[in-house]
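Could you walk me through this structure in my viewer, one selection at a time? I would like to know what to pick next and what I will find there.

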Amino acid sequence: MILQELKKIWTPMRIVLLIVISILLYRSSLSPIVKRFEVGDGVDAFQEKLCISREWMMEYGATIESEEFTDIENRYHEIIAEIEKSMVQKKAFVECDVKNYKEFLEYQTNVLNGKEGFDYHKYKEMDETLFADTPYSSIYLQEYEKMMMDYEMASEGCYNVLPDEVIIYSTDLLRYMSLWCLIVVLMVASPVMVNDVASNMNREQYSSKIGRKIYKIQYFCTIFSVLLVEVVVIAFGMAEWETTNAMDFGKVGLASFMYHIKPTLHITYAEVFGLFMVIMGLMGIGVGSMAFCLSSCSNNMITMLMKVTPLAVVAGAYILSLENVFYENNRLYGFVHISGIEIISAIIIFVAGIIFNIVRYKRIGARH
């Protein structure tokens, strides 16, 4: 019985469609985010920020205390001194009477603004040779200085080393994974019952007490299949995310001095992923349960689609509202100001899906 119901769900055509849809969704949404972490040929501000953040985290741990920040400032001045030491040995700097890094930045500003008396070719020569004998770059110094400014402007208690881009890219990835889960869940759960209803098979089955139990079997086979596709999506998505090395920040708290929005929960970066997996699981079961119930109330595929479409829209809107998840600028939190509202909403969807099917099952029993 169970195997027969699973065969109804896992038809060859549906498996092919799930694979094709999954490839398209990965290529269009997840892949661009993962590639953002790849090291390119040129110098990239985001890569430099990641590099500096990892250096600080290895040196000082997940948070930067005030005395540690003093060390960071001293290190910055040491880097500048190292660069200035090499400047006085280079011809272009001597010819332009540029004796330190501050004067170089002033020369750069004057050249780029087209001020008379400043030679662009000399500037390019200085720019190309400034970091030639050092492991640094102008972007590295800019990001280093910006991170120090962010720390000085940070709110009390927000001293964790977690780049804002990592937070943003991570929540985007998790939302796209959730949308991917939603689509495959609807593809698995929606057509399960409508074929039995259209062929009047369910009337024959539900005419006896024993036959009515098949609704339970069909439901649990559907939920098993829903969880299976979600596990596959999550496993694949996390395997790809692991290649970015972003989980190096796993033990870092969300209250970062590089992200000037306060978190609503005192959790770590890794725990965000754990809680989001819970959200995806609860949402998948809830939406899958509702789609299954609506399918059992539909006489044909068109009717089923008309009923399931509003469900898909509401679930999709919920997933999109998870932007800035667990931060005060999250839309759901901004609406109700309840910490953890993102998880509470998923629980509501989960419970609603279970209730839908309990009510449906009781109506079947009362009718027959």
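Here is a tour of three helix pairs, a cavity and a pocket. Keep in mind along the way that this is a predicted model.

**Stop 1: α3 and α8**

Start by selecting residues 45-60, which form helix α3, together with residues 138-153, which form helix α8. The two axes come within 9 Å and cross at roughly 60 degrees. At that angle, α3 is therefore oblique to α8. If you look at how α3 passes α8, you will find a right-handed crossing.

Now show the side chains at the contact. From α3, pick Ala-45, Glu-48, Lys-49, Ile-52, Ser-53, Glu-55 and Trp-56. They meet Ile-139, Tyr-140, Glu-143, Tyr-144, Lys-146, Met-147 and Met-148 in α8. Colour this contact of α3 with α8 by class and you get eight nonpolar, one polar and five charged residues.

**Stop 2: α4 and α6**

Next, select residues 66-87 for helix α4 and residues 101-112 for helix α6. How do these two helices lie relative to each other? Their packing angle is about 75 degrees, with the axes 9 Å apart. The helices α4 and α6 are therefore roughly perpendicular to each other.

For the contact itself, display Ile-80, Glu-84 and Met-87 on the α4 side, and Tyr-101, Lys-102 and Phe-104 on the α6 side. By class, the contact of α4 with α6 holds four nonpolar and two charged residues, and no polar ones.

**Stop 3: α13 and α14**

Move on to residues 269-296, helix α13, and residues 301-320, helix α14. Here the axes come within 9 Å and the crossing angle is roughly 165 degrees. This angle is over 145, so α13 counts as roughly antiparallel to α14. The crossing of α13 and α14 is right-handed.

To see the contact, select Ile-279, Met-283, Val-287, Met-290, Ala-291, Leu-294 and Ser-295 in α13. Facing them in the contact from α14 are Met-304, Lys-307, Val-308, Leu-311, Ala-315, Tyr-318 and Ile-319. The contact of α13 with α14 has 12 nonpolar residues, one polar and one charged.

**Stop 4: the cavity**

Keep α13 on screen and add α9, residues 164-189, since the next selection involves both. How many cavities of 30 Å³ or more are there? The count comes to one. The largest cavity has a volume of about 70 Å³.

Select its lining: Leu-162, Val-166, Ile-167, Ser-170, Thr-171, Leu-254, Tyr-269, Val-272, Phe-273, Val-325 and Tyr-327. Both α9 and α13 supply at least two residues of the lining of this cavity, and α9 gives the largest share, four residues. By class, the lining of the largest cavity has nine nonpolar and two polar residues, with no charged ones.

**Stop 5: the largest pocket**

For the last stop, leave α9 visible and bring in α2, residues 12-35, and α12, residues 209-242. Each of α2, α9 and α12 supplies at least two residues of the lining of the largest pocket. About 280 Å³ of space lies in this pocket. Which residues should you centre the view on? Of the 14 that line the pocket, the closest to its centre are Leu-18, Ser-22, Trp-180, Val-232 and Val-233.

Which helix gives the largest share of the lining of the largest pocket? That is α2, with six residues. Colouring the lining of the largest pocket by class shows 13 nonpolar residues, one polar and no charged.

Conventions. Residues numbered from 1 in each chain as written. Predicted model: local features only at pLDDT ≥ 70, side-chain atom pairs only at ≥ 80, totals over all residues. Heavy atoms only, no water. Axes fitted to C-alpha atoms, helices over the stretch in contact; angles between N-to-C directions. Parallel < 35°, antiparallel > 145°, perpendicular 65-115°, else oblique. Contact = heavy atoms within 4.5 Å. Nonpolar A, V, L, I, M, F, W, Y, C, P; charged D, E, K, R; others polar. Left-handed = near helix turned anticlockwise from the far one by under 90°. 1 Å grid on protein atoms, 1.4 Å probe; cavity = no way out; pocket = protein on both sides within 12 Å on 5 of 7 lines; lining within 4 Å. Points joined across faces, edges and corners; volume = space filled by probe spheres on them.
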